[in-house]
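Work through the following exercises with the sequence and the structure side by side, and try each task before reading its solution.

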Amino acid sequence: MAWKWYDSKIIRIEDESSTTKRFWAKVENDEPLNFKAGQFVTMDLPIHEKRTKRWRSYSIANHPDGSNILEFCVVKLDGGLGTKYLFEEVKIGTNIRFKGPSGTFTLPENIEKDLVFICTGTGVAPFRSMLLDLIEQKKTHRNIHLIFGTRFDEGILYKEELKALEKKMPNFKYSIALSREKNLPSLNGTEIRKGYVHQYYLDEYRDVTPDVDFYICGWSNMIDEAVENLILKLGYDKKQIHYELYG
Ligand SMILES: Cc1cc2nc3c(=O)[nH]c(=O)nc-3n(C[C@H](O)[C@H](O)[C@H](O)COP(=O)(O)OP(=O)(O)OC[C@H]3O[C@@H](n4cnc5c(N)ncnc54)[C@H](O)[C@@H]3O)c2cc1C
């Protein structure tokens, strides 16, 4: 199947942390662009002569609302060509060409299990989209536990918004792991621990049950460790584990 390419214009850019920016792109399309919460697009950035070396994928961080505005949450990678372009060249009005939305990292139509979302850094993007979508669609769900990891307090992405969801969403729990922060901040009841995301699920989900599914998003070192822990250490079935690998 030939991919459909879309043009979009950047309409807003905001710093989310010292290394992370949020970008909003308005898609130039008469029809609403349909996507499922959790999907990503692949941008064609002008960073290389060869077409395929210009492609970089980014999860859609907002939920489908028919507005044709897509939000992305991107971390700057030292020496990375795509993020150098996005952080240094892209301005309001810059055209971003992309294909998609693609991907199967999405929730089932009927949610019949507890869900544990595990992520580090910008890996939170698809989960934010899913959570906002569940609220918007007023979908029934069971317990949802978001475990977010980063190094320092200032790198906690969408902090206030996710914190507010704890009040707004029944059965939603938000936990944060900070691996390098010396003084743990207090976040009014939200659980913040020193260390990595892994300790949370190793502690809280050690009693294996078929009634929970794990969704994991981020870079390979974190995902490899989480998959190995869940399957080999704890004994979950691999069908209970779903992941989106950023690289
Ligand atoms: C499906 C999908 C969705 C994605 N969604 C997002 C998203 O929402 N937000 C986001 O910030 N990124 C996301 N990514 C990652 C993104 O596509 C790029 O890989 C990333 O932005 C780096 O691109 P770059 O051109 O700056 O670096 P490149 O020039 O491509 O990278 C240079 C080298 O660094 C490695 N590398 C890339 N990223 C990291 C990293 N974080 N840590 C260690 N090594 C790394 C690469 O494998 C490569 O070897 C996603 C990737 C995929 C596949």
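**Exercise 1.** Find which elements the buried residues of helix 5 pack against, and describe the helix itself.

*Solution.* Begin with the partners: in this predicted model, the buried residues of helix 5 pack against strand 7 (114-120), helix 4 (197-204), strand 11 (212-218) and strand 12 (241-245). Next, identify the residues concerned, which are Met222, Ile223, Ala226 and Leu230, since these are buried in helix 5; a residue counts as buried if 20 or more other C-beta atoms lie within 10 Å of its own. To understand such a spacing, recall that an α-helix has 3.6 residues a turn, so residues three or four places apart point the same way. Then check the length: helix 5 (residues 220-234) has 15 residues and spans 20 Å between its first and last C-alpha, close to the 21 Å expected at 1.5 Å a residue. Finally, look just past the end of helix 5, where Gly235 adopts a positive phi of about 95°.

**Exercise 2.** Determine which residues touch the most other members of the largest nonpolar core, and follow the contacts of Ile118.

*Solution.* The largest nonpolar core has 56 residues, and those touching the most other members are Phe117, Ile118, Phe127, Leu146 and Ile147. This core draws at least three residues from each of domain 1 (5-102) and domain 2 (114-245). Now take Ile118 and set aside its neighbours within four places in sequence: Ile118 is then in contact with Ile147, Val197, Tyr201, Phe214, Ile216 and Ala226. Of these partners, Ala226 has already appeared among the buried residues of helix 5.

**Exercise 3.** Describe how domain 1 and domain 2 meet, and explain where the ligand lies with respect to them.

*Solution.* First, note the division of the chain into domain 1 (5-102) and domain 2 (114-245), whose C-alpha centres are 24 Å apart. The contact takes 16 residues from domain 1 and 13 residues from domain 2. On the side of domain 1 that touches domain 2, the largest share, three residues, comes from strand 5 (residues 69-75), and by class this side has seven nonpolar, seven polar and two charged residues.

Turn next to the ligand, which is surrounded by 20 residues, the closest being Ser59, Gly80, Gly82, Thr83 and Thr122. Strand 4 (55-59), strand 5 and helix 1 (81-88) are the elements that give two or more residues to this shell. By class, the shell around the ligand consists of eleven nonpolar, seven polar and two charged residues. The last step is the position: because domain 1 and domain 2 both give residues to the shell, the ligand lies between them.

Technical notes: Residues are numbered from 1 along each chain as its sequence is written. This is a predicted model: local features need pLDDT of at least 70, side-chain atom pairs count only at pLDDT 80 or more; totals for chains, interfaces and linings use all residues. Helices (H or I, at least four residues) and strands (E, at least two) are DSSP runs, numbered from the N terminus. The expected span of a helix is 1.5 Å times one less than its number of residues. A residue is buried if 20 or more other C-beta atoms lie within 10 Å of its own, exposed if 12 or fewer, and partly exposed in between; C-beta atoms are placed from the backbone. Two residues are in contact if their C-beta atoms, placed from the backbone, lie within 7 Å. A nonpolar core is a set of buried Ala, Val, Leu, Ile, Met, Phe, Trp, Tyr and Cys residues joined through C-beta atoms within 7 Å. Domain bounds come from an automatic or database domain assignment. Ala, Val, Leu, Ile, Met, Phe, Trp, Tyr, Cys and Pro count as nonpolar, Asp, Glu, Lys and Arg as charged, and the others, Gly among them, as polar. A residue is near a molecule or strand if its C-beta atom, placed from the backbone, lies within 6 Å of it.
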